[in-house]
Amino acid sequence: MKLILMGTGPFAVPTLRRLHAGQHEIVQVVCRPPRGRRKEPPAPVRAAAEELGLPLWMPESANLPDSQQRLAEIGADLLVVCDYGEILKDATLSTTRLGGVNLHGSLLPKYRGAAPVQWAVLKGDAETGATVIQMTPGLDAGPILGKVTTPIDPDETAGELEVRLADLGAELTATVVDELAAGTATAEPQDKSQVSKAPRLDKACGQINWTRPADWIKNHVRGMHPWPRAFTFLSRSGGEPLRLSIDRVAVVDASEVGSNGSPGVVRIADDRLFVTCGENSALEILTLQPAGKRAMSAADWLRGAPLRSGDAFTSNAS
């Protein structure tokens, strides 16, 4: 079959490479154009398409009439969409013989939206997966053509999980495309009663609330890595609060920390950094990054940090 691959971000790159190596022909790669005037590296799909020598097109919107006409004139059989960044209208999906399929990073109908991998980690799910759906104008609402599941390691970050899901999803997508070509694909409607949302994150979402229990905060730290990253502030007597990005933590027995029980209070023992959380729980901070400095282990930071047992992390800079 002749395919049009529509993608922008890193989640789509393994699918692009897998389909390029397969039996079908990618006749066009469509990528979102760069935003703003800042000089930034090319979008991952753009860079991969240029490396592979594939024809690349970056329209302002795939839903404009001129864009729809150009897509239709290509004469492709199928749109393959992944991490593209625009909801496609029915007229856009109708520009190919078989419409469009989309690779999504969750077990739909769970976590429809822009950040499915992050929300699976934030919620502490034990497993997740990837789903390929037949596209409809609704957000991630089309019938399911294929699924793959995988366990989530309790220490795995959203970024690490996303890399694995991208590879698993690429194989799943290739299988679904083969089935569509052979006429053997089957579609299963999504169970609307099981729908949940995965809205886009912003920088403010990274703020740590130390009144939450330790396991909740650990999931928060994992889900916010590598972006927007979990953060807190060190309240210092006689100094301005210091912003810290927290990247790795471990749940510990609160009785071993020996703090006074107030959320956010820290204790230092044997070059290890502990913090009391809500519901009589505690965490050990493993890696962090002070504002303006490199990421480092907590032990390295403690060697020069203006920190004493009994100081506290706070949720804001005031």
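How many helices and strands does the protein chain have?

1. Overall make-up. This is a predicted model. The protein chain contains nine helices and 14 strands. Along the principal axes, its C-alpha atoms fill a box of roughly 70 × 45 × 30 Å.

2. Burial and surface. The protein chain has 318 residues, and 49% of them count as buried. About 15200 Å² of the protein chain is exposed, and carbon and sulfur atoms supply 49% of that area. The two percentages describe separate things: one refers to residues, the other to exposed area.

3. Contacts along the sequence. Take the contacts in the protein chain between residues at least 6 apart in sequence: 67% of these join residues at least 24 apart.

4. Charges. The protein chain carries 34 positive and 37 negative charges. The mean position of the positive charges and that of the negative charges are 6 Å apart.

5. Helix α1. This helix covers residues 13-20. Which of its residues are buried? They are Val13, Pro14, Thr15, Leu16 and Leu19. As a general point, an α-helix has 3.6 residues a turn, so residues three or four places apart point the same way. The cover over the buried residues of α1 includes both strands and helices. Among the strands are β1 (2-7), β2 (25-30), β4 (78-82) and β5 (100-104). The helices include α2 (44-52) and α6 (158-182).

6. Threonine 128. This residue lies in strand β6, which runs over residues 127-134. Is threonine 128 buried or exposed? Its relative accessible area is 3%, so threonine 128 is buried. Neighbours within four places in sequence are left aside in the contact list that follows. Threonine 128 is in contact with Gly105, Ser106 and Leu107, and also with Ala120. Further contacts of threonine 128 are Val148, Thr149, Thr150 and Ile152, together with Leu161 and Leu165.

7. Cysteines. How many disulfides does a search of the whole structure find? The search finds zero. In general terms, a disulfide is a covalent bond between the sulfur atoms of two cysteines. Why does cysteine 205 form no such bond? The closest cysteine sulfur, in cysteine 277, is 19 Å from the sulfur of cysteine 205, which is too far for a bond. For comparison, the cut-off for a disulfide is a pair of cysteine sulfur atoms within 2.5 Å. Cysteine 277 is likewise in no disulfide.

8. Surroundings of the two cysteines. Cysteine 205 has 29% relative accessibility and so counts as partly exposed. Cysteine 277, at 1% relative accessibility, counts as buried.

Notes:
Residues numbered from 1 in each chain as written. Predicted model: local features only at pLDDT ≥ 70, side-chain atom pairs only at ≥ 80, totals over all residues. Heavy atoms only, no water. Helix = DSSP H or I, 4+ residues; strand = E, 2+ residues; numbered from the N terminus. Buried < 20%, exposed > 50% of the residue type's maximum accessible area, 1.4 Å probe, protein only. Contact = heavy atoms within 4.5 Å. Areas by Shrake-Rupley, 256 points an atom, 1.4 Å probe, with all protein chains shown as cover. Lys, Arg positive; Asp, Glu negative; His and termini not counted. Charge placed at Lys NZ, Arg CZ, Asp CG, Glu CD.
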